[in-house]
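Me: I am new to this structure and should like to learn how to read its features. May we begin with the ligand and its surroundings?

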Amino acid sequence: MSSLNIPIYLDYSATTPVDERVAKAMAECLTLQGNFGNPASRSHPFGWKAEEAVENARRNVATLIGAVPKEIVWTSGATESDNLAIKGAALFNQKKGKHIITMKTEHKAVLDTCRQLERDGFEVTYMDPLENGLLDLDAFKKEIREDTTVVSIMHVNNEIGVIQDIAAIGAITREKGIIFHVDAAQSPGKVAINVDEMNVDLMSLCAHKVYGPKGIGALYVRRKPRIRIEAQIHGGGHERGMRSGTLPTHQIVGMGESFRIAHEEMEAENERMRSLRNRLWDGVKDMEEIYLNGDLEQRIPGNLNISFNFVEGESLIMSLKDIAVSSGSACTSASLEPSYVLRAIGRNDELAHSSIRFTMGRFSTEEEVDFTIVKVREAVEKLRALSPLWDMHKEGIDLDSVEWAHH
Amino acid sequence: MAYSDKVLDHYENPRNVGVMDKDAPNVGPGMVGAPACGDVMRLQIQVSEDGVIEDAKFKTYGCGSAIASSSLVTEMVKGKTLDEVAEIRNAHIAEELALPPVKIHCSVLAEDAIAAAIADIRAKRDAQASEKSAASA
Ligand SMILES: Cc1ncc(COP(=O)(O)O)c(C=O)c1O
């Protein structure tokens, strides 16, 4: 394995390739010779066989999170699950109250859903994280009100990889009788999940971050004590009325297989990820003016999010053309907004603009990491030689004291 | 997003990168943008007695299109008079580099940098002229 495949993929938090084993299982559910039936067909073996595959997958997904299969509702992905959970629970309980608590560092699928509910007359509190990205539990307790019905906090952050203490939050919401939704799109196969121990009521999952296919996800909906939600997609009453639509057998089988593998291989894979991540960090951490974003300990092993001060993220990505990574800087709109997650953890705009997210995964190798270290060092050096800010820094000028012409 | 060949060329081989003595009487430094907005351009022009730009240097913090825009500008201004250079518009830069609409602001910044450099050198000249006339009076 000494030949490198260029470009190198280090963006596993965006999505993952489908594992060969998963692809094989999926391919068996498509054609006439395969398991193509409609799982809802009750009148013939094609339907029965498809239903069996779907239920087998449901078991695999439930097992990974410590749930029972009946608590799993198939959706099209984590975005839909977030919508269904938050809107569904908020609307069902609106007679009790119309206050929701979430965090500023949530995925847009949660934040935008909350914004929509605000337009519909709900009140939402967006909590600031601590500097390490974690929720301040004391501050959180203070925000809870009589009319708070739903709390939505993500498990693993997609940008900085930090892991929230879900069990601690769950203990609080359970005591107060508030519904607790967790966006766990980034967690399976990386952090152990047990919805009972964590007192989670609703949990969003998807397959495409776990070596499964895109376009399939699930929502865990607790049965004891029973959590009721209002359906957002109406139709044939599939998934006990919570999500209508013919079940895509091949997608579901893919998700089930990917979760089965993730559950079985998590420990070994995490150990390998940690060693690759440490190798990458050790290879760059002596560089001047670089900052690790998010807590290093409370973090999934495959994620490194680094700000390279005085270098703009998009140009850095351009220099790293042989490496597929993502940047917290989105210089593609007139507003030039840097990552709201990095802003929320207190990074200034410059550092937020200068960030790169490296996420490693199942197919990452030591050779790839070593190559990345060399390329990153070269690129940062090149861009700093081009950067007037770097010059000013070297001259001892405090950039905050300069009066910039904001545009 | 795909970059045009011109942007890539200027980005990979930026022209006229460097720094001039900003206090020299014949150097006009133009610094525009803000780190918080994700781009800062510093354009410096060295101007002869009769107002011709003899040399230009830049350094830019920003995306690839911002770097390419400033690199291109150093090429465009060399050998031209201040009056000619004042006529350069962002549209020329954007067109030359085939910038997509979301990157037009990079060319606007480059136009601003030219204007700032010209303003600076003119202010220096005026100050020198008034010093001279004050001395001869
Ligand atoms: C934390 C988090 N939530 C939600 C999503 C959306 O997931 P999906 O693409 O399955 O809709 C993602 C991934 O993009 C994510 O990282």
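Me: Which residues come nearest to the ligand?

Reply: In this predicted model, the ligand has 13 residues around it, and those that come nearest are Thr79(A), Asp183(A), Gln186(A), His208(A) and Lys209(A). By class, this shell comprises six polar, four nonpolar and three charged residues. Helix 3 of chain A, residues 78-92, supplies the largest share of the shell, with three residues.

Me: Where are polar atoms of the protein placed relative to oxygen atoms of the ligand?

Reply: A polar contact is a pair of N or O atoms within 3.5 Å. Here, a polar side-chain atom of Thr79(A) is 2.5 Å from a ligand oxygen atom. For Gln186(A), a side-chain N or O atom lies 2.8 Å from an oxygen atom of the ligand. At Ala78(A) the backbone takes part: one of its polar atoms is 2.9 Å from a ligand oxygen atom.

Me: How much of the ligand's exposed area does the protein bury?

Reply: The ligand taken alone exposes 390 Å², of which the protein buries 85%.

Me: How should the strands of a sheet be read, and in which order do they stand here?

Reply: Strands of a sheet pair through backbone hydrogen bonds, in either a parallel or an antiparallel sense. In chain A, four strands form an open sheet in the order 9-10-13-12, with antiparallel pairing. Strand 9 (290-292) and strand 12 (326-327) are the edge strands, each pairing on one side only. Three bridges join strand 9 to strand 10 (residues 303-308) of chain A. Leu292(A) stands opposite Ile306(A) of strand 10.

Me: What is the mean pLDDT of chain A?

Reply: The mean is 95, and 97% of the residues of chain A reach 70 or more. Over residues 331-335 of chain A, however, the pLDDT is below 50. That stretch has 11 contacts in the model beyond near neighbours in sequence.

Definitions and conventions:
Residues are numbered from 1 along each chain as its sequence is written. Chains are lettered from A and ligands numbered from 1 in the order in which they are written. This is a predicted model: local features need pLDDT of at least 70, side-chain atom pairs count only at pLDDT 80 or more; totals for chains, interfaces and linings use all residues. Side-chain values use heavy atoms; hydrogens and water are left out. A residue is near a molecule or strand if one of its heavy atoms lies within 4 Å of it. A polar contact is a pair of N or O atoms within 3.5 Å; within protein, one must be able to donate a hydrogen and the other to accept it, and residues adjacent in sequence count only if both atoms are side-chain atoms. Accessible areas come from the Shrake-Rupley method with a 1.4 Å probe; for residues, only the protein chains shown count as cover. Helices (H or I, at least four residues) and strands (E, at least two) are DSSP runs, numbered from the N terminus. Ala, Val, Leu, Ile, Met, Phe, Trp, Tyr, Cys and Pro count as nonpolar, Asp, Glu, Lys and Arg as charged, and the others, Gly among them, as polar. pLDDT is the predictor's confidence in each residue, from 0 to 100. Contact means heavy atoms within 4.5 Å. Two strands pair if DSSP finds at least two bridges between them.
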